[in-house]
Amino acid sequence: DQEHNSSLESNLEGLAGVLEADLPNYKSKILRILCTVARLLPEKLTVYTTLVGLLNARNYNFGGEFVEAMIRQLKECLKVNMYNEAVHLVRFLSDLVNCHVIAAPSMVAMFENFVSVTQEEDVPQVRCDWYMFAFLSSLPWVGKELYEKKDAEIDRLLSQTESYLKRRQKIHVPMLQVWTADKPHPQEEYLDCLWSQIQKLKKDRWQERHILRPYLAFDSILCEALQHNLPPFTPPPHTEDSVYPMPRVIFRMFDYTDDPEGPVMPGSHSVERFVIEENLHCIIKSHWKERKTCAAQLLSYPGNNKIPLNYHIVELAQATEMLYMRLDTMNTTCVDRFINWFSHHLSNFQFRWSWEDWSDCLTQDLEKPKPKFVREVLEKCMRLSYHQRIIDIVPTSFSVLSPANPVCIYKYGDESNRSLPGYTVALCLTIAIKNKASNDEIFSILKDVPNPNQDDDDDIVLYLLFHEVFKTLAESDEGKLHVLRVVYEVWKNHPQMIAVLVDKMIRTQIVDCAAVANWIFSSELAHDFTRFYIWEILHSTIRKMNKHVLKIQKELEETKARLARQHKRRDSDDDDDDDDRSSDREDGPLEEQIERLQEKVESAQSEQKNLFLVIFQRFIMLLTEHLVRCETGGIDVFTPWYKSCIERLQQIFLQHHQIIQQYMVTLENLLFTAELDHHILAVFQQFCALQA
């Protein structure tokens, strides 16, 4: 570690010398790069603040220009809702106090303005939360320095913080918790947790033991430097366009007792825990698309020998075991992620696992979380392999949870079903399709059937080539539902095929998104309602609808921009003889296109809104039926089905929150009204609280 530190120090000194020499020619470029790293590389924060400190000591004017550029960038970030980057900038500025670039009193004055936001009237709580978080989360870096210089002011800020946190609403917390139980780890709201960590830091006299502080080695140089005052900073006012970060609940899985050997993990209320988790979070956020780079960055995290990092990253078997043990209280969305990750993990290790260790799930009701999890994992593993392989690797005692053989159920393919209505027509259809019959020939066979929707489309479902035939069969809403029912009847043993076919039918406009939503909530699918693939289909359907709306909106914006460019071009040609008729001729086609696209956008938005209304209405109907049934029968409401259903409702709200936000007034007036059962209404209120 000492070697690493001394090479870092000599590199910083060398780099400061090079940059100082380049300032006359490349000053604006150097300023831009330093501002960018301050915003985008928070895990390297103290390295770059030290570099700025060394440059300021050599060139006072450059230091002043850098501080001004940072404040400009901070204002810009806040204006365009880049709040995560803004936190990094505030933290960087606060650490410049340690590097003798910024005077401590002016930093305290900035924090006073941040905390005063909590006194504003008629602003959302999430606005106050952000300013509070920006202040508190900078204290691990600069608390000691500020407290030494301005203890009375910092004490006053901390007491204002405490009174704000006491009056803060926390309706949103249940919606964001990974586990419903507080054992073995409490599920703490992020500001409450940070407040406990800062209180402990203050009690420990602001001593923090994890942050790398390279500037300490240059104290003799930096303490001679002149400091700058931050220009007065007023938080920009709240506007309708302001979108603040949502609150979070701190994820806790490990305890210091979970790693018996090696360095001890910092306690959950130590400030070191906050710093480490912040840095790891930043590394994952910066590199999540490049998994190898991400893993390398995590494993080479500075100071990783002081914490049990390698153990907790590499010890997947123990992590899996812990998550499995806590499945009963785990949120359904998190169970989905666990299924996806674990099945993928198994596929990289020949699907080997000590399944017998989980045989406790075989004695439970199959709707309970543990057997359900194992069943869904095996189903997903089959998608990544094939049926027989999964049957071979799983002990026979697990056969009740093993996936069904994914073959289609074609009732007309069995001679014993000759008495079924439409059997002869089905036979004719099969022969016609094998002989590559045309659509007209197919229609002429179907016209002999009294109601083709009711009898023979089982057969056609297998042949998505006949697009026109399908379009005709699915013209009405009932027709669309019927086609989807038949897909389920034929492929109920092959969930992946159902997902693929539904996807294809939406793309080819045989069925629409609202029909898929109605089908998912229909009584025919009640048996599979809590299955993973059903929700995969619903979320995929919603995403398709959202993409469709965005695509048309983009086309409209581009066409409007083209028209604007055309006008600009004409205006710049100062030709007095330009006649109005030729400009009308030129604009006409574009204006017509804009009108057509505006109609398309309105129609798509109305379809999108209707889709969400259908989904929420069906949720309310199903949950209300369950609650009434339990009340009249004196049965406990909290069944596995109820937990799954209410958490799926939460999932819809959370995963599509940006779109749903637009329809809040409609939802409140039409569906989530005061008369609704409080169990269901609570979910809507939790969602509203996320931006309140």
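**Reading helix contacts, rings and backbone exceptions**

Author: In this predicted model, the axes of helix α24 (residues 477-491) and helix α25 (residues 495-507) come within 9 Å and cross at roughly 155 degrees. Residues are numbered from 1 along each chain as its sequence is written. Local features need pLDDT of at least 70 and side-chain atom pairs 80 or more, while totals for chains, interfaces and linings use all residues; side-chain values rest on heavy atoms, without hydrogens and water.

Reader: Which direction do α24 and α25 take relative to each other?

Author: Axes are lines fitted to C-alpha atoms, for helices over the stretch in contact, with angles from 0 to 180 degrees between N-to-C directions; helices are DSSP runs (H or I, at least four residues) numbered from the N terminus. Because an angle over 145 degrees counts as roughly antiparallel, α24 and α25 are roughly antiparallel to each other.

Reader: Which residues of α24 and α25 make the contact?

Author: Contact means heavy atoms within 4.5 Å. From α24 come Val483, Leu484, Val487, Tyr488 and Trp491, and from α25 Pro495, Met497, Ile498, Leu501, Val502 and Met505.

Reader: How many aromatic pairs does the structure hold?

Author: Rings of Phe, Tyr and Trp (its six-membered ring) pair if their centres lie within 6.5 Å; planes under 30 degrees apart are stacked, over 60 edge-to-face, and the rest tilted. The structure holds 41 such pairs. One of them, Phe653 with Phe684, is tilted, at 6.1 Å centre to centre and 50 degrees between the planes. This pair links distant parts of the chain, with Phe653 in helix α29 (residues 640-655) and Phe684 in helix α32 (residues 678-689), 31 residues apart.

Reader: Are Phe653 and Phe684 buried or exposed?

Author: Buried means under 20% relative accessible area, exposed over 50%, and partly exposed in between (1.4 Å probe, protein chains only). Both Phe653 and Phe684 are buried.

Reader: Where does the charged end of Arg248 sit?

Author: A charge sits over a ring if NZ of Lys or CZ of Arg is within 6 Å of the ring centre and within 35 degrees of the ring normal. The charged end of Arg248 sits over the ring of Phe133, 5.7 Å from its centre. Arg326 lies over the face of Trp179, 5.9 Å from the ring centre.

Reader: What should one note about the backbone?

Author: Most residues other than glycine have a negative phi, and most peptide bonds are trans. Here the bond from Lys183 to Pro184 is cis, with omega near 5 degrees. Trp206 has a positive phi near 65 degrees and is buried, at 6% relative accessible area.

Terms used: Helices (H or I, at least four residues) and strands (E, at least two) are DSSP runs, numbered from the N terminus. Angles under 35 degrees count as roughly parallel, over 145 as roughly antiparallel, 65 to 115 as roughly perpendicular and the rest as oblique.
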